[in-house]
Amino acid sequence: MDLTNRSHHNPSILHVEFSPLNDFMEENDTNSTAGERNSFSCVQIRIPQELFLALGLISLVENILVVVAIFKNRNLHSPMYYFICCLAVSDMLVSVSNVVETIFMLLNDHGLLDVHPGMLRHLDNVIDVMICSSVVSSLSFLCTIAADRYITIFYALRYHSIMTTQRAITIIVVVWLASITSSILFIVYHTDNAVIVCLVTFFCITLVFNAVLYLHMFLLAHLHSRRIVAFNKSRRQSTSMKGAITLTILLGVFILCWGPFFLHLILILTCPTSPFCNCFFRNFNLFLILIICNSLIDPLIYAYRSQELRKTLQELVLCSWCFGV
């Protein structure tokens, strides 16, 4: 099914793929007519392609700045910021796939695109893998950051021996390999509803995992703070809790922005022909905008919550402006 097909207004033709390039080229006119014919039964919010392109470019620039800032500032060379860097890369995958997809659609709208259907299908599959990898890796790195903050709070004196740079890099490699591999398998077997079941199940598992860690962290952190203060490590405890709060904000924004997408998947399984669900399906473009907004908001959260990262980002922006002048 084309879960991100902006041209599909009829939910009965939704498929489990993640980008609409090939189907957009073949079915745009038919689906637009169907959308107009059924528009009396539900309200459908139409979003211009230019808005997708603008938000995609802004979020791409923001996340590139975050990655560069983390690499540039040696004070940010720690496991938590390595994981945040990977989260930014995951957001970049959404931004890049959105920009490429939107450019192809705009070129097609203006009659400037003449590409072989086979090439479009290959490009479509690449974009599918990128978006699916972004979903899986984002959830995985949110869990990884939660585990890192948990270790920092409850095993503060042993943190550097537990979470070494080598182990952090190993975790990052494993997460990316697992994300890419699973995404390829999802696209290969996209006609099976098991793909949707796996994604929804993974989403729910990560939410439960994070909820358990948060509950333990925020309920027992004050008990550990006494022990940490006794060893003159109060600043580390404060920093650790700040990191946990930052992660809570990131996870909350992720749920708000990606929640409608996963609800969409659940409804595909439970009520694909229901009139109510059909109305929900027709506003999928709005859910796509929320997903892109997640990639746009995350860098702002990093900068707001980390003074060191904010300072480095300011330096990068000023340097870019000076060179531009």
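**Helix packing and cysteine pairing**

In this predicted model, residues L51, F52, L55, G56, I58, S59, E62, N63 and V66 of helix α2 are in contact with N285, L288, I289, I292, C293, S295, L296, P299, L300 and Y302 of helix α10. Sorted by class, the residues of this contact comprise 13 nonpolar, five polar and one charged. Helix α2 spans residues 49-72 and helix α10 spans residues 284-305, and their axes, which come within 9 Å, cross at roughly 25 degrees. Because angles under 35 degrees count as roughly parallel, α2 is described as roughly parallel to α10. The crossing of these two helices, α2 and α10, is left-handed.

A second helix pair is formed by α3, covering residues 79-109, and α6, covering residues 165-188, whose axes lie 9 Å apart and pack at an angle of about 20 degrees. Helices α3 and α6 are therefore also assigned as roughly parallel to each other, and the crossing of α3 and α6 is right-handed, whereas that of α2 and α10 is left-handed. On the α3 side the contact is made by P79, Y82, F83, C86, V89, S90 and L93, and on the α6 side by T165, A168, I171, I172 and W176. The contact of α3 with α6 contains ten nonpolar and two polar residues, and no charged residues.

With regard to the cysteines, the structure holds one disulfide. This bond links C271 and C277, with the two sulfur atoms placed 1.8 Å apart. The torsion about the S-S bond is -75 degrees, and the link of C271 and C277 is accordingly left-handed. Both partners fall in the buried class, C271 with a relative accessible area of 17% and C277 with a relative accessibility of 2%.

Cysteine C86, which is among the α3 residues in contact with α6, has its closest cysteine sulfur in C85, at 5.7 Å. Because a disulfide requires sulfur atoms within 2.5 Å, the separation of C86 from C85 is too far for a bond. C86 is likewise buried, at 8% relative accessibility. Burial is also assigned to C143, for which the relative accessible area is 12%.

Technical notes:
Residues are numbered from 1 along each chain as its sequence is written. This is a predicted model: local features need pLDDT of at least 70, side-chain atom pairs count only at pLDDT 80 or more; totals for chains, interfaces and linings use all residues. Side-chain values use heavy atoms; hydrogens and water are left out. Buried means under 20% relative accessible area, exposed over 50%, partly exposed in between (1.4 Å probe, protein chains only). Axes are lines fitted to C-alpha atoms, for helices over the stretch in contact, and angles run from 0 to 180 degrees between N-to-C directions. Helices (H or I, at least four residues) and strands (E, at least two) are DSSP runs, numbered from the N terminus. Angles under 35 degrees count as roughly parallel, over 145 as roughly antiparallel, 65 to 115 as roughly perpendicular and the rest as oblique. A crossing is left-handed if the near helix is turned anticlockwise from the far one by less than a right angle, and right-handed if clockwise. Contact means heavy atoms within 4.5 Å. Ala, Val, Leu, Ile, Met, Phe, Trp, Tyr, Cys and Pro count as nonpolar, Asp, Glu, Lys and Arg as charged, and the others, Gly among them, as polar.
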